[in-house]
Amino acid sequence: MPFTAARGFREQPMLFVGAEGMHYIEAGGRRVLDGMAGLWCVNAGHAHPRIVEAIRTAAGQLDFVSSFRMSHPAAFTFAERLAAAAPDGLDHVFFSNSGSEAVDSALKIARAYHQARGDGRRTKLIGRAKSYHGVGFGGLSVGGIARHKRDFGPLLPEVYHLPLPHDPGRMGFSRGQPAIGAEYADALEALLAVQDPATVAAVIVEPITGSGGVYAPPKGYLERLRAICDRHGILLIFDEVITGFGRMGTCFAAQAFGVTPDILTCAKGLTNGSVPMGATIASGKIYEAFMAGPPDVVQLFHGYTYSGHPLACAAGLAALDAYQNEGIFAQAAAVAPHWEAALHALRDAPDVADIRTIGLLAAIELTPRAGAPGARGTAVADRCFADGVLVRGAGDTIVLSPPLIITPAEIDRIAEAILTALRAEA
Ligand SMILES: Cc1ncc(COP(=O)(O)O)c(C=O)c1O
C-alpha cells in the first residue's frame with residue numbers, strides 16, 4: 001500500500017465502505033468526519049450528486065477513446081473550461097492521470113520548450129526543500145523530502161534545491177502569509193551564480209508547501225522568484241495539486257497570490273477526487289514554441305493511454321460546475337477566518353510546537369516524544385479517528401485539509417477532537 005505500514009494496517013485496517021458530504025462511513029455505519037478531504041481531493045464533499053451522475057452517464061456513452069491521434073469533444077470542452085478558470089495567460093492543457101504525471105509532464109514540457117526554441121542547453125531543474133511533487137522519477141528528483149528518495153537512487157542528474165522559506169524562530173504560529181521572509185527567494189539568485197542560468201530549464205515550487213507540512217510563502221517571496229526567473233529566461237512551474245480548486249478561496253493559489261507561473265500542475269480536486277486525473281496547464285508562449293514546426297510532425301512525444309479519459313473529463317466538468325454554480329470557493333473563503341481562529345486556539349494545548357494556517361489548510365506541529373519521532377503524531381491521529389474525526393498524522397505534524405463545504409460547527413468538532421487527543425497523549 002502507498003506510504004503505509006502494511007503490517008500495522010493488516011492488524012488494524014482502516015476501511016470505509018461509503019462516503020457522503022463531509023463524512024466517511026464504516027461497515028458498521030459509523031460516520032467519520034473527514035478533516036482531510038480524502039487526501040486533499042474532495043473539495044466539494046464526497047459523492048457529490050452532480051459528479052456521480054455525470055460519471056454514470058459518461059460510462060454508458062463512451063467508455064474509452066485514445067487520445068493518440070483521436071479524441072472526444074468533452075476533452076476539449078473540459079480543457080477550455082479549465083483554461084478559463086486558470087490564471088490569465090495559462091490557456092493550454094495537457095491531461096494525465098495523477099499529480100505525479102502532471103508534474104513529470106510539466107518538467108518534460110519545460111525542457112522540450114527550450115529545445116524547441118533551439119536553446120537545448122537549458123536542462124537543469126530547480127526544486128525546493130520539503131516540497132512534494134509525487135513519485136515519478138522527475139517529481140521525486142525535484143522533490144525535497146530525503147526519506148522519499150533514499151531507496152530509489154540515482155535520480156535525475158543536475159537537479160538543485162532552494163531552501164524552505166521558513167524560520168521557526170521568526171515565523172511561528174503563522175496565520176496566512178508570514179510578513180517576513182521574501183528574501184528567501186534570493187537563494188535562487190545565489191544558486192544561479194554557481195549554476196550558469198543559461199543552463200537552467202525551470203524552477204518548480206508548490207505555492208504553499210502542502211504535504212511537507214503546510215508552509216505558506218512569505219509575502220513577496222513568490223513575486224521575487226517570478227522576477228528572478230524572468231530575468232534569466234527560466235520557466236516557473238507552480239505545482240497546485242493541493243492548492244488547486246479553492247483551498248485559498250480562489251480556483252488556484254496563483255490567483256490568490258497574484259503571481260502567474262509559466263506552467264501550472266493540478267490533479268486531486270480537478271475531478272473532486274472522483275476519477276483519477278491530472279492536468280498540466282501551460283502559457284501560450286510555451287504552446288506556440290511547439291507549434292512552429294510543420295503540420296504533420298508530432299509536437300510532443302509524451303502522453304498516457306488514459307490522457308483525457310471520458311469518465312475523468314465528465315467528472316472534471318461536473319466538478320467545475322459544482323464549484324462554480326454552488327459558490328464553493330467563496331464558501332471556503334468565508335469560513336477560513338473561523339478555521340484559523342479555531343485551530344490557533346490550540347496554541348496552548350499540550351505539546352504544540354507550532355500551528356500554521358492558510359486558506360483551508362493547517363498544520364499542527366507537535367513536540368516529538370523522546371527517542372520516538374512520529375509516535376506522538378500517530379497517536380494523536382489515531383485518537384481522533386477513534387473519536388470519529390479523520391486527520392492526517394505526518395510524522396509529528398497533524399495536517400488538515402477538509403472539504404471546502406465544512407461548517408463552523410464541523411471545524412469546532414475537529415479542533416475539539418484534536419484537543420482531547422493532545423491532552424490524552426500528553
Ligand atoms: C503538490 C503535489 N504534487 C504532486 C502530488 C502527486 O500526486 P499523485 O499522488 O496524484 O501522483 C501530490 C500528492 O499529494 C502533491 O501534493
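Leaving aside its neighbours within four places in sequence, which residues is Val-203 in contact with? Select Val-203 and take a look: its partners are Ile-126, Leu-188, Leu-225, Cys-229, Ile-234, Leu-236 and Ile-237. Keep in mind as you click around that this is a predicted model.

**Stop 1: the core**

Val-203 belongs to the largest nonpolar core, a set of 127 residues. Along with Ile-418, Val-203 has the most contacts inside that core. Next, select helix H13, residues 310–325: this helix gives the most to the core, with eleven residues. Now colour domain 1 (6–48 + 327–425) and domain 2 (52–325) separately; both give residues to the core, so it lies between them.

**Stop 2: where the domains meet**

Stay with those two colours. The domain assignment splits the protein into domain 1 and domain 2, and their C-alpha centres lie 26 Å apart. Where they touch, 31 residues of domain 1 are in contact with 30 residues of domain 2. On the domain 1 side, try selecting helix H2 (37–40), helix H14 (328–344), strand E11 (352–358), E12 and E15, each of which supplies at least two residues. H14 gives the most to this side, with eight residues. What are the residues on this side of domain 1 like: how many are nonpolar, polar or charged? They divide into 20 nonpolar, seven polar and four charged.

**Stop 3: Val-42 in its loop**

Jump to Val-42, which sits in the loop between H2 and helix H3 (49–61). Is Val-42 buried or exposed? It counts as buried, because it has 30 C-beta neighbours inside 10 Å, and 20 or more is enough for that label. Leaving aside neighbours within four places in sequence, Val-42 is in contact with Ala-37, Asn-272, Gly-273 and Pro-403. For a quick distance check, pick the C-alpha atoms of Val-42 and Ser-211: they are 169 residues apart along the chain and separated by 16 Å.

**Stop 4: helix H15**

Finally, select residues 375–386, helix H15. At 1.5 Å a residue, its twelve residues should span 16 Å, and the end C-alpha atoms are indeed 16 Å apart, so the two values agree. Now highlight Arg-376, Gly-377, Val-380, Ala-381 and Cys-384, which are buried. These residues cover an arc of only 130° around the axis, so they are on the same side of H15. What covers them? Show strand E12 (361–366), strand E13 (389–390), strand E14 (392–394), strand E15 (397–400) and helix H16 (408–425), which are among the elements doing so. To finish, click on Gly-388, which follows H15 and has a positive phi, near 95°.

How values were computed: Residues are numbered from 1 along each chain as its sequence is written. This is a predicted model: local features need pLDDT of at least 70, side-chain atom pairs count only at pLDDT 80 or more; totals for chains, interfaces and linings use all residues. Helices (H or I, at least four residues) and strands (E, at least two) are DSSP runs, numbered from the N terminus. The expected span of a helix is 1.5 Å times one less than its number of residues. A residue is buried if 20 or more other C-beta atoms lie within 10 Å of its own, exposed if 12 or fewer, and partly exposed in between; C-beta atoms are placed from the backbone. The arc is that of the directions from the helix axis to the C-beta atoms. Two residues are in contact if their C-beta atoms, placed from the backbone, lie within 7 Å. A nonpolar core is a set of buried Ala, Val, Leu, Ile, Met, Phe, Trp, Tyr and Cys residues joined through C-beta atoms within 7 Å. Domain bounds come from an automatic or database domain assignment. Ala, Val, Leu, Ile, Met, Phe, Trp, Tyr, Cys and Pro count as nonpolar, Asp, Glu, Lys and Arg as charged, and the others, Gly among them, as polar.
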